[in-house]
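Here are some notes for a colleague who is opening this model for the first time. They are best read with the structure on screen, one point at a time.

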Amino acid sequence: MDLATFSWLLTPDGRTLLEVAGRAWADADGDPVRAAAAVRRTEPDPERSAAALTQVGLRVRGVAKFGEDALRMFFTPDGLEQATRRRVGDHRAARLAAAQVPSVVDLGCGIGGDLTALARAGLVAAGVDLDPVRVAVAAANLDALGLDGATTVADVTSLPLDGFGVALLDPARRDGRGRVFDAEGWTPSWAFTTRLLTTRPTVAKLAPGLPHDLVPDDVEAEWVSDRGEVKEAVLWSPHLAVSRRRATVLRDGGLASMTEEDDPYAGAPRPVRAVGRYLHEPDGAVIRAGLVTAVAGVVGGGLLDERIAYVTTDEAVRSPFATAYEVLEEIPYREKALRAALRERGVGRLTIKKRGVDVVPEQLRKRLALRGDAEATLVMTRVAGEGTALLVRPL
């Protein structure tokens, strides 16, 4: 979709066509071929009709990230894929609002996922991007949601930032060939990002696999998960940092956060113990932040193995930072004996969780060829260095 076509969608005729496309999509039960035929009867121009129908499909997909607001918003396919989920963006915006920053410039604003979150939090915010279509989409989303904010097309590496309190930076980690894993290949470069982080109030959104050794001194690294899925690593410059490492867990019931200050074993030997009655699987954000022993402290347990992110306890303890299981029994770890043990128990549907062992769950499940009516959860891991298989029940 080019800028002219998107601009036309914002006109009264374009908005009428979007309504037609929405009804056609619903009547066709999401079948794009049937919906397209209905839309073309209203707008014969192929680019405009295709753009309207694409918007409707993207809005439906966008509900998973933005809730019902997505049905009023505008997207590009790549922009929606790369946009921050609303709950994640709202958390970051709330933290900036709590810091009472005067204003925020979103460098690489995309379709405005973070920009709308900042505006919704009451912050003075502006969005900048090199892509004119994305800038137009971000502006349209502010308008669609009734939010204040400014947008402009510019190269973020040459933009004067003195007029803004905080810079929010989201380096592009893709090029025409796919993901770029070398930090110096990001746009803007890692050198530009670290320069901002160390010289002015800055927040940088990065991939959750960010290596710890890339984090500059005195910068806080926060890993954020949403409903158990780690979404991003966020670096907070020394001007905004309140810890060194943080794990933030977003769930339907709210938000929980822990830092290295919550770890009673920081600088001490890791607490390793025998398998107890319960097993706790730390959230991915906790693991990425290196705070597994903090979870052990929270639940009063120990690790199954010094290098494995499973915590065990004798008592049932619930924590927002881990998923809890009751350990039912230990069964043979070797594949042939494992198959016999599962068949003996009538297991036909098996969830396999693994950590620290060379197992591909999908391949193992296929080789086991289980038949039966029972359903089970199997944890394959190491206990004191030895491969171990545990049948568990989620609490």
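How are helix 2 and helix 3 oriented to each other, roughly parallel or roughly antiparallel?

1. The model is a predicted one, and that should be kept in mind throughout. Helix 2, which covers residues 12-27, and helix 3, which covers residues 32-42, pack with their axes 8 Å apart and at an angle of about 150°. Angles over 145 degrees count as roughly antiparallel, and helix 2 and helix 3 are therefore roughly antiparallel to each other. The crossing in which helix 2 passes helix 3 is right-handed. On the side of helix 2 the contact is made by Leu17, Val20, Ala21, Ala24, Trp25 and Asp27, and on the side of helix 3 by Arg34, Ala35, Ala38, Val39 and Thr42. Sorted by class, the residues in this contact of helix 2 with helix 3 are 8 nonpolar, 1 polar and 2 charged.

2. For the setting of that pair, it helps to look at the whole protein chain, which has 13 helices and 18 strands. Its C-alpha atoms fill a box of roughly 65 × 55 × 35 Å, taken along the principal axes. The protein chain has 395 residues, of which 49% count as buried. Among the contacts in the protein chain with a separation of 6 or more, 66% are accounted for by residues 24 or more positions apart.

3. A second helix pair is formed by helix 7 (residues 113-120) and helix 8 (residues 132-144), whose axes come within 9 Å and cross at roughly 35°. The crossing of helix 7 and helix 8 is right-handed. Helix 7 brings Leu115, Thr116 and Ala119 to the contact, where they meet Ala138, Asn141 and Leu142 of helix 8. The residues of this contact of helix 7 with helix 8 comprise 4 nonpolar and 2 polar ones, with no charged residue.

4. A third pair joins helix 12 (residues 335-344) to helix 13 (residues 361-368), with the axes 10 Å apart and an angle of about 65° between them. Angles of 65 to 115 degrees count as roughly perpendicular, and helix 12 and helix 13 are therefore roughly perpendicular to each other. The crossing of helix 12 and helix 13 is right-handed. Here Glu335, Leu338, Arg339, Leu342 and Arg343 of helix 12 meet Leu364, Arg367 and Leu368 of helix 13. By class, this contact of helix 12 with helix 13 has 4 nonpolar and 4 charged residues, and no polar ones.

5. Is threonine 84 buried or exposed? Threonine 84 lies in the loop between helix 5 (77-82) and helix 6 (86-98). Its relative accessible area is 8%, and because buried means under 20%, threonine 84 counts as buried. The side chain of threonine 84 is joined to that of aspartate 114 by a polar contact of 2.9 Å, and to that of lysine 205 by a polar contact of 2.5 Å. Residues up to four places away in sequence not being counted, threonine 84 touches Phe66, Gly89, Arg92, Asp114, Lys205 and Glu232.

6. Valine 101 is placed in the loop between helix 6 and strand 1, and at 12% relative accessibility valine 101 counts as buried. Valine 101 and valine 166 are 65 residues apart along the chain, and their C-alpha atoms are separated by 6.9 Å. When neighbours within four places in sequence are left aside, valine 101 is in contact with Leu96, Leu123, Val166 and Leu240.

7. Arginine 334 is found in the loop between strand 15 (322-331) and helix 12. With 64% relative accessibility, arginine 334 counts as exposed. Arginine 334 and arginine 86 are 248 residues apart in sequence, and from C-alpha to C-alpha they are 44 Å apart in space.

8. Which residues of helix 9 are buried? In this helix (residues 190-199) the buried residues are Trp190, Phe192, Thr193, Thr194, Leu196 and Leu197. These buried residues of helix 9 pack against strand 1 (104-107), strand 4 (166-169), strand 7 (202-206) and strand 9 (229-236).

Definitions and conventions:
Residues are numbered from 1 along each chain as its sequence is written. This is a predicted model: local features need pLDDT of at least 70, side-chain atom pairs count only at pLDDT 80 or more; totals for chains, interfaces and linings use all residues. Side-chain values use heavy atoms; hydrogens and water are left out. Axes are lines fitted to C-alpha atoms, for helices over the stretch in contact, and angles run from 0 to 180 degrees between N-to-C directions. Helices (H or I, at least four residues) and strands (E, at least two) are DSSP runs, numbered from the N terminus. A crossing is left-handed if the near helix is turned anticlockwise from the far one by less than a right angle, and right-handed if clockwise. Contact means heavy atoms within 4.5 Å. Ala, Val, Leu, Ile, Met, Phe, Trp, Tyr, Cys and Pro count as nonpolar, Asp, Glu, Lys and Arg as charged, and the others, Gly among them, as polar. Angles under 35 degrees count as roughly parallel, over 145 as roughly antiparallel, 65 to 115 as roughly perpendicular and the rest as oblique. Buried means under 20% relative accessible area, exposed over 50%, partly exposed in between (1.4 Å probe, protein chains only). A polar contact is a pair of N or O atoms within 3.5 Å; within protein, one must be able to donate a hydrogen and the other to accept it, and residues adjacent in sequence count only if both atoms are side-chain atoms.
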